[in-house]
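Biologist: Could you take a close look at the loops for me, and at the unusual backbone spots in them? I would enjoy a guided tour.

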Amino acid sequence: MIKLYNHEISGNCYKVQLMLSLLGLEYELVRVDLMKGEHRTPEFLQINPFGQIPVLTDGDIALQDAQAILVYLARRYGNEDWLPLDAEPMSRIMRWLSTATGEIRQGPESARLYHLLQVQSINIETATKKSENILKILDQHLAENNWLALGRPTIADIACFPYVVLAPDGKISLYPYTNVRAWIERIKNLPGFVGMVGIK
Ligand SMILES: N[C@@H](CCC(=O)N[C@@H](CS)C(=O)NCC(=O)O)C(=O)O
């Protein structure tokens, strides 16, 4: 049985849950209470020394990092559609997995942490500026493409979706980004789509 170590307000956990659901897989959610520090217990550090969720276990395998887990699920349970192995399409997908952990994490993910969870160490001016910058780039890219990496949904879309759609939690309006909003609707219409707190 697949288990996802999860917290309901985590967009990084949600991207894994969304992929599991789109693939029609059965899984069990194991709640890790971040507020109580359950991610820092010796038991949890054994499955992820980084002290972070998500972690996915599949039998004896324990995997860490949302992007790495998306790669595993796509290759283990998906078909070529979600993550093809040919050099060029694979590279196009990797580019957006990097964007999810780079520009999107430094932008809308950080702005959300600041406003929703009052993480004061975040420089909110920088996070807001970075959010607007990456949303503008995404909007331009999506003016000519229905999906981020290829002509169909891939794990690139799933990796980037949560913290883009949750940007308003960080007081970043999505109103100016018409093409981003249309892409969000396309993702919400995928068979098997599930939401999370803040995403209907
Ligand atoms: N690169 C990791 C980042 C995961 C991450 O930042 N997880 C957060 C929850 S969304 C967490 O566990 N934070 C607790 C901490 O870092 O102390 C991934 O993509 O999975």
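**Loops with unusual backbone geometry**

Modeller: Happily! Let us start at Lys171, which sits in the loop that runs between α6 (155–165) and α7 (178–188). Please keep in mind that this is a predicted model. The backbone of Lys171 has a positive phi of about 60°, although Lys171 is not a glycine. As for its surroundings, Lys171 has a relative accessible area of 65%; the cut-off for exposed is over 50%, so Lys171 counts as exposed.

A second residue of this kind is Asp65, in the loop between β4 (61–64) and α3 (66–77). Asp65 is not a glycine either, yet its phi is positive, at about 85°. Its relative accessibility is 39%. Since partly exposed covers the range between 20% and 50%, Asp65 falls into that class.

The next loop brings in a peptide bond instead of a phi angle. Between α2 (42–47) and β3 (55–58) there is a loop that holds Pro54. The bond leading from Ile53 into Pro54 is cis, and its omega is near 10°.

One last stop takes us from loops to the surface of a helix. Leu117 belongs to helix α4, which spans residues 87–117. Together with Met35, Leu113 and Leu116, Leu117 makes up a nonpolar surface patch, and the four have about 340 Å² of accessible area together. Leu117 itself is partly exposed, with a relative accessibility of 37%.

Methods. Residues are numbered from 1 along each chain as its sequence is written. This is a predicted model: local features need pLDDT of at least 70, side-chain atom pairs count only at pLDDT 80 or more; totals for chains, interfaces and linings use all residues. Side-chain values use heavy atoms; hydrogens and water are left out. Helices (H or I, at least four residues) and strands (E, at least two) are DSSP runs, numbered from the N terminus. Buried means under 20% relative accessible area, exposed over 50%, partly exposed in between (1.4 Å probe, protein chains only). Patches are made of residues with over 30% relative accessible area and no salt bridge: like charges are joined within 9 Å, nonpolar side chains (Val, Leu, Ile, Met, Phe, Trp, Tyr) within 5 Å. Accessible areas come from the Shrake-Rupley method with a 1.4 Å probe; for residues, only the protein chains shown count as cover. A salt bridge is a side-chain nitrogen of Lys or Arg within 4 Å of a carboxyl oxygen of Asp or Glu.
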